[in-house]
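Me: I would like to learn how to read a model of several chains, going from the overall form to the finer details. Could you take me through it step by step?

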Amino acid sequence: MRGLTMRVKMISQEQFRKRLAEKENHLAITEKAQDVHRQFLPPGIKVVKTPKEILFPSWKEMYRFFFKERSWEIQEVEEKAFSDPTFLLLLPCEARAVVEVLDTNFLREDYRDTDYARRRARLNLVILGCPAQHPTCFCHLVGGSPVWRDGKSAFVLPWKEQFYVENDEVLFGEGDPVNTQEKREIESWEKALQEKLPPPLSPDFPEKLYAHFEDPEWQDIAFRCINCGACTFLCPTCYCFDLTVDGKLRGSMLRTWDSCMFPKFTLHASSHNPRPTGKERVRQRVMHKFSYFPIREKRYGCVGCGICREICPVNWDIKEAVERMVKRIDSRCDIN
Amino acid sequence: MYEEELHRLSVKLLDEVEYIIGYTSGTLPFRSRPFLCRKKEEVELLTFDHFSGSNLTRYLLSKDLREKKVAILAKGCDARTITVLLREGQIKRENVVVVGLPCYGMVSLRKLEKHFGSLRPQDFTWHLDTFTFQGKTQSIGPFLENTCQRCLYPNPPLFDYLVGSRVEYVPRERWKEDSLKRLEEISSEKRWEFFAQEFQRCIRCYACRNACPLCYCKECFAEAQRPYWLSPAATRSENLFFHAGRALHMAGRCVECGACERACPLEIPIALLPLKVEELVREHFTFEAGVSPDREPPLLTYRENDPNEFIK
Amino acid sequence: MIPAATSTERNIYLPELVSIEEILEETRDIKTFRLKRPGNFHYRPGQFAEVFVPGRGEAPFSITSSPTEELYLEFSIKKTGTVTEALHRLNPGEMVGVRGPYGNGFPIESLQGWNLLFIGGGIGLAPLRSLINYVLSPLYRKDFGAVSILYGARTPQDLVFRWELQKWGERTDLFLLTTVDRGEPSWEGRVGLVPEVLKGMPVLNAQTLKAIVCGPPIMIKFTIKALLEMGFQPSNIITTLEMRMKCGLGKCGRCNIGPYYVCKDGPVFTYEELQTMPEEY
């Protein structure tokens, strides 16, 4: 957890606001983080809905092609001058989405996505700890917590009248040392917070859920979902994309966000569709996040941020879906 | 609203239908969600309040329910949707029992949050067209969804049973303020700026189109390869093309229910374009979608004496 | 920290442009394209590549030529959609992009020393052909046991690789049986559905045989059923699965069946593995 070599400091709320205002052009903040910490923030920081907007934009040219002098040519897209923010203020759940899910998919050693790697190397995550959970949050269910951090990125926690800061060299400047008494208080506060949280899903939940693929409960669970796809586009962990050719004699290969909620997602050229109705697609979404991805990568594909629950126009609720399946599996852990 | 009457009726209806498609309270505060009621014991769960905005008619088109006899709760806009679906041959009249719900308008959670900050359900008491917050009673008008502020049909024009009592006023005449009118009053340059800015934000998630009960095309023009109309890249020009194209495809069909706007995760006022198109249809064709089942939709009708030159 | 991308790291989506050397019309809607083999393109039988038609699109196709063919790559492509239609309109000399190879390919090591029974239906012979010619190549023939091939198509018009079938038929070191679902007056060969013909084949010793099946889903289903009845072990039945693919390299999240990505963990699977997968394909 905490090594002696980790740099910690305390800074005043004034300094926090001032340094952020100074670095405004290099900063972005997620909407959720802004909602939680609005009182501490200076105005004018660029707001993004999810970290995906910076790391994995909704559309990107992967390469260009053109027809010249009776033959085709393929060209890499030159990198434009870098203008994206270099610091992203975000909540622990969103940071977990980047570090545990997006990085896992795009930076895998076989076929590292060079565009993602470039953007990721430039982006410094600044994790803002949450003082408490909100009604839509359920990070505890998937092994997260309101004060999760990866130990490498900067971490900031509002503490009494100040801010407790870990691992920051460049953004907030000099601070006061943290004395042992305060360290202990923070640690025990975090421990108490952790203990108050309901327990996570049982470790064998992914396998057990896999065994329930044919469970008739899915039909019921899938009923109200209208397959609009809003959830997948604003989910910080969803990374499915499409590759389409744009242009005839001159154009590019476009990578755009795609969604497993769309009927055409798995439509074969032969017109066969292995996921023909909403039930299969809803099941796919839940199973991918809570069963398939964890089975492959040993971590959940959902971070419990609750953004999907907030924006769903028909109040389809992924936490409810998981809880219903837990009941079906008759797992031994308590679900809040 | 009218829940007792609704429950009594629903118990009787389950004798003649397999399911009742209605609303129930959501898993989060201030949310109402679509609900499939199958058994008489579940009837108690049916609710209808100021957040029951979803257009339930899209469930009539689902594979499982299409061939079954169902009852559906319908506000004015939903009932209009049913008329359009009937007209377009998507559902059979004998399969649908329409329970009409007179509606005073749906409250926008986003507008509430903007005004009151963080919300707690216990601070609010809801009446028909007013609500009480911390002792003060105020009108719901300013907090209604954009489409509800302009509504002309608070009472369903089509129903088999009517629950509750009719709304005695026309919301558009009562509330007078609405976002479309405001847009019409500003200069066209400013209007262009406004739309350009809003559609710059659009990420082409297609939630608006997918949520619309009348956008049921198997392949949308936005995704067609042959011919290739527009690029999936979410640039301002492609986004404008998509939204304008969709609004035009809805001309004479849009029932102004607001499902599109409700679904947009980025809170873009999506409905403004289809709403304006419907105003133009009213002006030029004196036609409103889903109101008179016998009138032919002007944009789906071919007549040899059509005054437009290009059709000849 | 995350290491930044270095300038020597390749853009993994970039195809290499190669020319079409020859196009062979197999049936009314299937053509075999022989492309110049890209440099440094090493692959195993059963792997596939993404073929890019500039101005049209990109689609995955299994490589039907054996890797022992050093100068070219062959793809047998059925005309079904936008990209395949565009491909069918191309002529020799024109260029397409190729990126790959992707997929797991056939498990060569586990096939060595075994007798092999290849069962193909329609265009399903295409991925099998890559392995068959690999096994029959002078370099590798001794690593494998007896080879039997059962191939069927709907009508004589739908048989692919007719010239290859003839060449195989002339060899003395393999057993070839071709059948059609519906015969024609000029057709002198067997008539019958592949699973039925399979059941009637001379006694097959399921203990020494590995079966490799490829074809339309319904044919695979009934063929595997027949194989199991004949005593084949699920781990000795090998088949390929198809799913809609885009990136081909396990990133876009589209081609999964349960936790398996068809482009990475497949498209070749044993029946034993298939039994653990949900029936969603």
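What follows is a dialogue on a predicted model, going from whole chains to domains, contacts, a sheet, helices and single residues.

Me: Let us begin with the chains as wholes: how many helices and strands are there in chain A, and what does the radius of gyration of chain A tell us?

Reply: Chain A has 12 helices and 11 strands. Its radius of gyration is 22 Å, close to the 20 Å that the globule rule gives for 336 residues, so chain A is as compact as a globular protein of that length. The C-alpha trace of chain A spans about 70 × 60 × 35 Å along its principal axes.

Me: How many helices and strands are there in chain B, and what radius of gyration does chain B have?

Reply: In chain B there are 11 helices and eight strands. A compact globule of 312 residues would have a radius of gyration near 20 Å, and the 20 Å of chain B agrees with that. The principal axes of its C-alpha trace give spans of about 55 × 45 × 35 Å.

Me: Into which domains is chain A divided, and how many residues does each of them bring to their contact?

Reply: The division of chain A is into domain 1, residues 8-196, and domain 2, residues 205-329, and the C-alpha centres of these two domains of chain A lie 25 Å apart. Domain 1 of chain A brings 34 residues to the contact, and domain 2 of chain A brings 26 residues. On the side of domain 1 of chain A that touches domain 2 of chain A, strand S4 (59-68) and helix H4 (92-106) of chain A each supply at least two residues. Sorted by class, that side of domain 1 of chain A has 17 nonpolar, eight polar and nine charged residues.

Me: Contacts between chains can be read in the manner of contacts between domains. How many residues do chain C and chain A give to their contact?

Reply: Chain C gives 36 residues and chain A gives 43 residues. Strand S4 (57-62) and strand S6 (95-102) of chain C each supply at least two residues of the side of chain C that touches chain A, and the residues of that side of chain C divide into 19 nonpolar, nine polar and eight charged.

Me: And which elements of chain B supply residues to the side that touches chain A?

Reply: The contact between these two chains takes 25 residues from chain B and 27 residues from chain A. Strand S2 (32-37), helix H8 (207-211) and helix H10 (259-263) of chain B each supply at least two residues of the side of chain B that touches chain A. That side of chain B has 14 nonpolar, five polar and six charged residues.

Me: Turning to sheets, in what order do the seven strands of the open sheet of chain C lie?

Reply: Strands of a sheet pair through backbone hydrogen bonds, either parallel or antiparallel. In chain C, seven strands form an open sheet in the order S10-S9-S8-S7-S11-S12-S15, with mixed pairing. Strand S10 (190-191) and strand S15 (268-270) of chain C are the edge strands, each pairing on one side only. Strand S12 (residues 237-240) of chain C runs antiparallel to S15(C) and is joined to S15(C) by three bridges; Thr239(C) stands opposite Phe269(C) in S15(C).

Me: Which strands of chain C does helix H3 lie across?

Reply: Helix H3 (residues 125-136) of chain C lies across strand S7 (115-121), strand S8 (147-153), strand S11 (209-214) and S12 of chain C, and runs at about 155° to S7(C). Helix H4 (residues 162-170) of chain C lies across S8 and strand S9 (174-180) of chain C, running at about 140° to S9(C).

Me: At what angle do helix H9 and helix H11 of chain B pack?

Reply: Helix H9 (residues 236-249) and helix H11 (residues 272-285) of chain B pack at an angle of about 40°, with their axes 9 Å apart, and H9(B) passes H11(B) in a right-handed crossing. The contact is made by His243(B), Ala244(B), Ala247(B) and Leu248(B) of H9(B) together with Leu273(B), Pro274(B) and Val277(B) of H11(B). By class, this contact of H9(B) with H11(B) has six nonpolar, one polar and no charged residues.

Me: Finally, for the backbone, is the peptide bond from Arg226(B) to Pro227(B) cis or trans?

Reply: The peptide bond from Arg226(B) to Pro227(B) is cis, with omega near -5°, and Pro227(B) lies in the loop between H8 and H9 of chain B. A cis peptide bond also joins Gly100(C) and Pro101(C), with omega about 0°, and Pro101(C) lies in strand S6 of chain C.

Me: What is the value of phi in Lys298(A), and where is Lys298(A) found?

Reply: Phi of Lys298(A) is near 60°, a positive value in a residue other than glycine. Lys298(A) is found in the loop between helix H10 (278-297) and helix H11 (307-311) of chain A.

Definitions and conventions. Residues are numbered from 1 along each chain as its sequence is written. Chains are lettered from A and ligands numbered from 1 in the order in which they are written. This is a predicted model: local features need pLDDT of at least 70, side-chain atom pairs count only at pLDDT 80 or more; totals for chains, interfaces and linings use all residues. Two residues are in contact if their C-beta atoms, placed from the backbone, lie within 7 Å. Helices (H or I, at least four residues) and strands (E, at least two) are DSSP runs, numbered from the N terminus. Ala, Val, Leu, Ile, Met, Phe, Trp, Tyr, Cys and Pro count as nonpolar, Asp, Glu, Lys and Arg as charged, and the others, Gly among them, as polar. Two strands pair if DSSP finds at least two bridges between them. Axes are lines fitted to C-alpha atoms, for helices over the stretch in contact, and angles run from 0 to 180 degrees between N-to-C directions. Domain bounds come from an automatic or database domain assignment. A crossing is left-handed if the near helix is turned anticlockwise from the far one by less than a right angle, and right-handed if clockwise. The radius of gyration is taken over C-alpha atoms; the globule rule is 2.2 Å times the number of residues to the power 0.38.
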